[in-house]
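Here's a short set of exercises to work through with the model open in your viewer. Try each task before you read its solution.

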Amino acid sequence: PVSPIPAEWDTLVQIDALACIGPGRYVCLLTDDGPRFRFASTVDSGRTWRYAENPVDGETSIQYANFQFFDSLRGYFGAVDFAANWASTFARTTDGGVSWELLHHDRIDGKLGGMYSISFRDEQTGLAGGPGAIFRTTDGGHTWSRDSLESQKPSTPVRTIVKWLGKYSGAAATSRGTTFIWDPSISSVTDDRLRSWEGSMT
């Protein structure tokens with residue numbers, strides 16, 4: 001395999017996230033020690049790479065990148081952009097990472113920013129772990145709102161990892177050792193009363 005790092009990038013470069021989306025098919029995110037990031041994709045097990053245009057205009061500082069794909073073409077990307085005041089950065093692809101459409105690049109509710117993890121039940125309904133917070137979308141990532149975490153105040157240094165466990169349940173863990181479970185007893189996920197997560201120290 002050939003390195004996905006572009007030859008013109010002569011500074012420190014790292015592969016920040018990598019996803020296998022099918023036999024011989026991979027998508028990765030490359031970042032350098034400056035304000036650049038780039039998506040790369042391969043369909044031949046890394047022998048050749050194709051690069052996508054950066055969907056974010058201006059200077060960026062992308063960290064904590066992660067992917068979720070539904071098949072070899074359709075997938076999502078979430079991250080934190082420190083250069084944009086901790087913006088929650090969310091994009092989608094419908095062609096296996098050849099191109100990306102930016103759906104969200106801002107703080108949630110104008111206050112909280114950053115997506116340390118993403119987990120989608122389907123292409124419309126998803127969760128994201130933020131700074132001591134959990135975000136939710138029901139329209140494929142176009143808009144996001146914040147769920148309630150029991151006894152947890154939003155905090156920038158606290159990273160939250162979240163995962164769907166079933167159709168109507170999920171789990172989350174923070175970098176301070178707190179775990180949260182969301183498991184409503186009825187099937188509606190639109191009622192605000194069902195968007196509270198119960199936590200415990202581990």
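**Exercise 1. Find out whether C20 is buried or exposed, and how many disulfides the structure holds.**

Step 1: C20 has a relative accessible area of 52%, so C20 is exposed, given that exposed means over 50%, buried under 20% and partly exposed in between (1.4 Å probe, protein chains only).
Step 2: C28 sits at 0% relative accessibility, so C28 counts as buried.
Step 3: Count disulfides, each a pair of cysteine sulfur atoms within 2.5 Å; the structure holds zero.

Before going on, a word on the ground rules. This is a predicted model, where local features need pLDDT of at least 70, side-chain atom pairs count only at pLDDT 80 or more, and totals for chains, interfaces and linings use all residues. Residues are numbered from 1 along each chain as its sequence is written, and side-chain values use heavy atoms, with hydrogens and water left out.

**Exercise 2. Work out which residues of the largest nonpolar core touch the most other members.**

Step 1: Fix the term: a nonpolar core is a set of buried Ala, Val, Leu, Ile, Met, Phe, Trp, Tyr and Cys residues joined through side-chain atoms within 4.5 Å.
Step 2: The largest core has 17 residues, and L29, F39, F67, F77 and W100 touch the most other members.
Step 3: Two or more residues each come from β1 (13-22), β2 (25-32), β3 (37-42), β5 (62-69) and β6 (75-81). Strands here are DSSP runs (E, at least two residues), numbered from the N terminus, while helices are H or I runs of at least four.
Step 4: β5 gives the most, with four residues.
Step 5: Look around F77: beyond its neighbours within four places in sequence, its contacts (heavy atoms within 4.5 Å) include L29, F39, F67 and W100.
Step 6: A second, separate core has eleven residues, among them L103, I108, F120 and A133.

**Exercise 3. Locate T93 and say which backbone oxygen its side chain reaches.**

Step 1: T93 lies in strand β7 (residues 87-93).
Step 2: T93 has a relative accessible area of 1%, so T93 is buried.
Step 3: The T93 side chain reaches the backbone oxygen of S99 at 2.8 Å.
Step 4: Leaving aside neighbours within four places in sequence, T93 is in contact with residues including F69, R74 and W100.

**Exercise 4. Which parts does the salt bridge between E123 and R74 tie together?**

Step 1: A salt bridge puts a side-chain nitrogen of Lys or Arg within 4 Å of a carboxyl oxygen of Asp or Glu; the count comes to five.
Step 2: For E123 and R74, the closest N and O atoms are 1.6 Å apart.
Step 3: E123 is in the loop between β9 and β10, and R74 in the loop between β5 and β6, so the pair ties together parts 49 residues apart in sequence.
Step 4: E123 is partly exposed at 30%, and R74 is partly exposed at 28%.
Step 5: Now try R136 and D147, whose side chains meet in a salt bridge (2.6 Å, N to O). R136 lies in strand β11 and D147 in the loop between β12 and β13 (148-149), so this pair ties together parts eleven residues apart in sequence.
Step 6: R136 counts as buried at 3%, and D147 is buried at 2%.
Step 7: Salt bridges that share partners join D71, R74 and E123 into one network.

Notes. A polar contact is a pair of N or O atoms within 3.5 Å; within protein, one must be able to donate a hydrogen and the other to accept it, and residues adjacent in sequence count only if both atoms are side-chain atoms.
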